[in-house]
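Me: Could you take a close look at one part of this chain for me, and then follow the thread outward to whatever it connects with? I'd like one long answer rather than a list.

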Amino acid sequence: MTEQLQSWQLTFTPVDSWYFRESRPHGAAGGDRLESLFPPPVKTLTGAIRTRLGDSLNVDWQAFRRGEAMWRDISLNTLLGDNDSTGSLRFGPVQIMVGSDPLYPWPALLMEKTGAGEKSDNYRYARLQPGSVVHCDLGRVALPELEQKKEDMSGGKIAEKDYLKGPFLEQLLNGDTPGAEMAEKGVVRLKALFDLEPRLGIARNQATATVEEGMLYQTSHLRLHDAVSITLSLAGLPEAVADQLQRDIQHSPLIRLGAEGRMAAITMAPLNQPWQPIAPKPKGDEQGFMIMLLCEGDFGDISHSPLPGFNPTVTEQGQTVWHGELNGMAAQLHTAMAGKPVRRGGWDLKSGRPAAMKSYVPAGSCYFLKPLGGASVADALKLHGQAIGHQTHWGYGRIACGLWR
């Protein structure tokens with residue numbers, strides 16, 4: 001019987017400002033300021049964790065690059081993996097916390113309209129759903145439209161940079177539309193999580209310890225507010241390795257994180273239940289189900305198919321839909337609501353060079369599907385909390401399921 005290993009929650013809190021550089025290199029910025037990404041890319045956090053894990057086990061990094069690193073009878077190359085694999089480790093998605101409350105990305109199906117001022121009764125919300133079939137470059141497809149067509153949402157938008165608290169996201173997953181009170185009680189604006197700190201930097205010649213003439217660059221650091229932290233789950237640690245890492249963190253909780261090696265404090269605690277919203281229960285009037293990305297997803301080439309492994313087909317009514325499987329369950333995709341792809345790079349520790357840039361589907365993207373092969377909506381909702389797509393062991397592709405009513 002396979003040993004059931006403990007899952008762990010690793011929490012990062014800032015000691016200094018943080019900076020997670022966007023995908024553009026400094027030389028390409030020109031006179032523009034390079035902004036910091038938020039939340040931190042998952043590979044930035046997993047890289048910091050794996051480096052700290054190796055250091056706690058006194059790894060010989062030169063032997064690691066040769067594939068020969070060992071700790072007791074454990075191969076550290078097998079345990080830690082490389083730029084293409086997490087080895088024996090399994091990571092969960094990046095989770096933003098305010099105090100003990102987890103925050104979730106803004107769903108792409110939710111529109112927000114604001115009136116004059118910032119009082120909660122000036123906000124209005126409306127859901128998007130698959131609409132009437134129209135002809136476009138993708139064929140005859142169902143594009144998103146307002147669920148309540150009479151609702152005046154002119155000037156409304158998808159607040160894709162803001163976040164929702166769990167109870168209000170659960171209302172949306174249940175097929176309901178929150179009222180104006182959500183603006184005050186359920187929404188956390190991005191600007192409420194941190195302050196921006198513009199910085200001016202110089203390039204230095206390491207050989208001569210002098211400044212490189214004309215080599216100035218601007219960055220924007222993040223100063224997180226007191227209650228804000230970042231968490232990540234970790235599984236796959238052998239018990240002896242977990243004990244060693246825990247002792248090392250307790251002895252020295254500081255860790256360098258992100259670009260410029262800014263300081264963070266890290267804690268490690270057992271995790272018995274992952275952070276995720278409560279799944280809805282079917283009511284019997286559903287057309288199908290909806291999945292929402294709780295974090296970024298690696299879906300490969302989405303130019304021809306919104307979901308990996310889904311292929312276009314035409315129904316008897318002439319509508320273009322996509323057929324495929326989600327973790328073994330056959331489904332028919334009708335409408336996708338996804339934002340612009342995000343670009344992520346990173347650092348290849350084993351090779352000692354930057355990792356290749358890659359495009360990911362943004363968190364909050366929503367997909368409306370119908371189960372096939374005799375499966376019911378109740379069966380489809382069992383996908384809640386699972387991960388789809390590629391690189392799921394890194395923490396990509398975690399989904400929440402909702403009702404399409």
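Reply: Let's start with a working term: contact means heavy atoms within 4.5 Å. Keep in mind, too, that this is a predicted model.

The part I'd pick is helix H6, residues 239-251. Its 13 residues should span 18 Å at 1.5 Å a residue, and the end C-alpha atoms are indeed 18 Å apart, so expectation and model agree. Val-241, Ala-242, Gln-244, Leu-245, Gln-246 and Ile-249 are the buried residues of H6, and two glutamines, Gln-244 and Gln-246, sit in that list. What lies over them? The cover includes helix H1 (42-56) and helix H3 (76-80), along with strands E1 (8-14), E2 (70-71), E3 (74-75) and E16 (262-270).

H1 comes up again through a charged pair. Side chains of opposite charge can pair when their charged atoms come close. Here Arg-52 and Asp-248 form a salt bridge, with 2.6 Å between the closest N and O atoms. Arg-52 belongs to H1 and Asp-248 to H6, so this pair ties together parts that are 196 residues apart in sequence. The two ends are not covered alike: Arg-52 counts as buried because its relative accessibility is 10%, while Asp-248, at 23%, counts as partly exposed.

E16, another piece of the cover over H6, also has a strand partner. Strand E15 (residues 254-257) runs antiparallel to E16, and 4 bridges join them. Leu-254 of E15 has Ala-265 as its bridge partner in E16. In a regular strand the side chains alternate between the two faces of the sheet. E15 has a covered face made of Ile-255 and Leu-257, whereas Leu-254 and Arg-256 make up the uncovered one.

Now the turn itself. The hairpin of E15 and E16 has 4 residues between the strands, and Gly-258 there takes a positive phi near 75°. Glu-260 and Arg-262 meet through their side chains in a salt bridge, at 3.5 Å from N to O. Glu-260 has a relative accessible area of 43%, so it counts as partly exposed; Arg-262, with 15%, is buried. That pair isn't on its own, either: salt bridges with shared partners join Glu-260 and Arg-262 with Asp-16, Glu-197, Arg-199 and Arg-223 into one network.

Moving outward, the whole structure has 15 salt bridges. One more to look up is Arg-405 with Asp-176, where the closest N and O atoms are 3.3 Å apart. This pair also links distant parts of the chain: Arg-405 is in the segment after strand E26 (399-404) and Asp-176 in the loop between helices H4 (166-173) and H5 (182-185), 229 residues apart. Arg-405 is partly exposed, with a relative accessible area of 30%, and so is Asp-176, with 32%.

For contrast, try a nonpolar bit of the surface. Leu-200, Ile-202, Val-211 and Leu-216 form a patch with about 420 Å² of accessible area together. Strands E12 (194-205) and E13 (210-224) each supply at least two of the patch residues. Leu-200, found in E12, has a relative accessible area of 64%, so it counts as exposed.

Key. Residues numbered from 1 in each chain as written. Predicted model: local features only at pLDDT ≥ 70, side-chain atom pairs only at ≥ 80, totals over all residues. Heavy atoms only, no water. Expected span 1.5 Å × (residues − 1). Buried < 20%, exposed > 50% of the residue type's maximum accessible area, 1.4 Å probe, protein only. Pairing = 2+ DSSP bridges. Patch = residues over 30% accessible without salt bridge, like charges linked within 9 Å, V, L, I, M, F, W, Y side chains within 5 Å. Areas by Shrake-Rupley, 256 points an atom, 1.4 Å probe, with all protein chains shown as cover. Salt bridge = Lys/Arg side-chain N within 4 Å of Asp/Glu carboxyl O.
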